[in-house]
Amino acid sequence: MDTHTPDAADVSPSEPEEETPWLSAREQRMWRAHLEVAKLLDYQLGRELQPHSLAINDYEILVVLSEAPERRMRMTDLATATLQSKSRLSHQITRMETAGLVLRQECPGDRRGLYAHLTEHGWATMQKVAPDHVRSVRAHFIDRFTPEQLDAMYEALAPVAEHLRGLRGRA
């Protein structure tokens, strides 16, 4: 997502340049650092899950299901919780079912509804992988900050997360 100030030829006639609130150099530096950290961290954490035969999205599903009551969740709710489309989640759950990590179950009283349920193998995998993943998160992210910086980061990011959560589901 590029947010640089364009040349005159880049500006659409319907959006005059003076109406666009271009990022300052300071804002641009922070925005690009955020993008780089998000991508690099996701890449590194994903690499470190590979020896466990898991992708980062698989691990996220295992976490969400492990924290859900009865270790199961409606597929639509799981898609929302993991910010995935229903079709993408369905394909991913199919792969995870093949690996024995999750199981689809019908929802009582709702013939069209399905649950994703964490299997015993999925739970055992979660218990085995979680310590390694937490060490990775700590080594590559948490331990890079002082306690004061962690507090400041949370204070800075929490309102952004709240704003974005509020926009979910809107067209």
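Reader: How many helices and strands does the secondary structure of the protein chain come to?

Author: This is a predicted model. The secondary structure of its protein chain comes to 6 helices and 3 strands.

Reader: And in what order do the elements run from the N terminus on?

Author: The order is α-α-β-α-α-β-β-α-α.

Reader: What share of the residues counts as buried?

Author: The protein chain has 171 residues, and 25% of them count as buried. The area that the chain exposes is about 12200 Å², with carbon and sulfur atoms supplying 55% of it.

Reader: How much of the contacts comes from residues 24 or more positions apart?

Author: Among contacts with a separation of 6 or more, such residues account for 49%.

Reader: Let us turn to the strands. How do β2 and β3 run, and how many bridges join them?

Author: Strand β2, residues 102-107, runs antiparallel to β3, and 6 bridges join the two. Together β2 and β3 form a hairpin with 2 residues between them. In the turn, Gly109 has a positive phi of about 80°.

Reader: Which residue in β3 stands opposite Leu103?

Author: That residue is His117. Elsewhere in the pairing, Glu106 stands opposite Leu114 of β3.

Reader: What about β1, in which sense does it pair with β3?

Author: The sense is antiparallel, over 3 bridges. One pair involves Met73, whose bridge partner in β3 is Ala116.

Reader: What comes between β3 and α5?

Author: Thr119 is found in the loop there, between β3 (110-118) and α5 (120-140).

Reader: Is Thr119 buried or exposed?

Author: Thr119 is buried, because its relative accessible area is 18% and the cut-off for buried is under 20%.

Reader: Which backbone atoms lie by the polar atoms of its side chain, the side chain of Thr119?

Author: There are two to mention. The backbone oxygen of Leu101 lies 3.0 Å from a polar atom of the Thr119 side chain. The backbone nitrogen of Gly122 lies 2.9 Å from a polar atom of that side chain.

Reader: Leaving aside neighbours within four places in sequence, which residues is Thr119 in contact with?

Author: With those neighbours set aside, Thr119 is in contact with Gly100, Leu101, Val102 and Leu103.

Reader: Moving on to α5, how far apart are its end C-alpha atoms?

Author: They are 30 Å apart. This agrees with the expected span, because the 21 residues of α5 should span 30 Å at 1.5 Å a residue.

Reader: Where in α5 does the kink lie?

Author: The kink lies at Val129 and is about 35°. The proline Pro131 follows shortly after that position.

Reader: Which residues of α5 are buried, and what do they pack against?

Author: The buried residues are Gly122, Thr125, Met126, Val129, Ala130, His133 and Ser136. They pack against α1 (25-49), α2 (56-67) and β3.

Reader: Which residues is Leu45 in contact with, leaving aside neighbours within four places in sequence?

Author: Leu45, which is found in helix α1, is in contact with Ile56, His133, Ser136, Val137 and His140 once those neighbours are left aside. His133 and Ser136 are among the buried residues of α5.

Reader: Why does Leu45 count as buried?

Author: Leu45 counts as buried because its relative accessibility is 9%, and buried means under 20%.

Reader: What distance separates the C-alpha atoms of Leu45 and Val134?

Author: Those C-alpha atoms are separated by 9.8 Å, although Leu45 and Val134 are 89 residues apart along the chain.

Reader: Now the loops. Where is Ser53 found?

Author: Ser53 is found in the loop between α1 and α2. Ser53 is not a glycine, yet it has a positive phi of about 60°.

Reader: Is Ser53 buried or exposed?

Author: Ser53 counts as exposed, because its relative accessibility is 65% and the cut-off for exposed is over 50%.

Reader: And Glu70, what phi does it have?

Author: Glu70 has a positive phi of about 60°, although it is not a glycine. Its place is the loop between α2 and β1 (72-74). With a relative accessible area of 60%, Glu70 is exposed.

Methods
Residues are numbered from 1 along each chain as its sequence is written. This is a predicted model: local features need pLDDT of at least 70, side-chain atom pairs count only at pLDDT 80 or more; totals for chains, interfaces and linings use all residues. Side-chain values use heavy atoms; hydrogens and water are left out. Helices (H or I, at least four residues) and strands (E, at least two) are DSSP runs, numbered from the N terminus. Buried means under 20% relative accessible area, exposed over 50%, partly exposed in between (1.4 Å probe, protein chains only). A polar contact is a pair of N or O atoms within 3.5 Å; within protein, one must be able to donate a hydrogen and the other to accept it, and residues adjacent in sequence count only if both atoms are side-chain atoms. Contact means heavy atoms within 4.5 Å. The expected span of a helix is 1.5 Å times one less than its number of residues. The bend at a residue is the angle between axes fitted to the seven residues ending there and the seven starting there. Accessible areas come from the Shrake-Rupley method with a 1.4 Å probe; for residues, only the protein chains shown count as cover. Two strands pair if DSSP finds at least two bridges between them.
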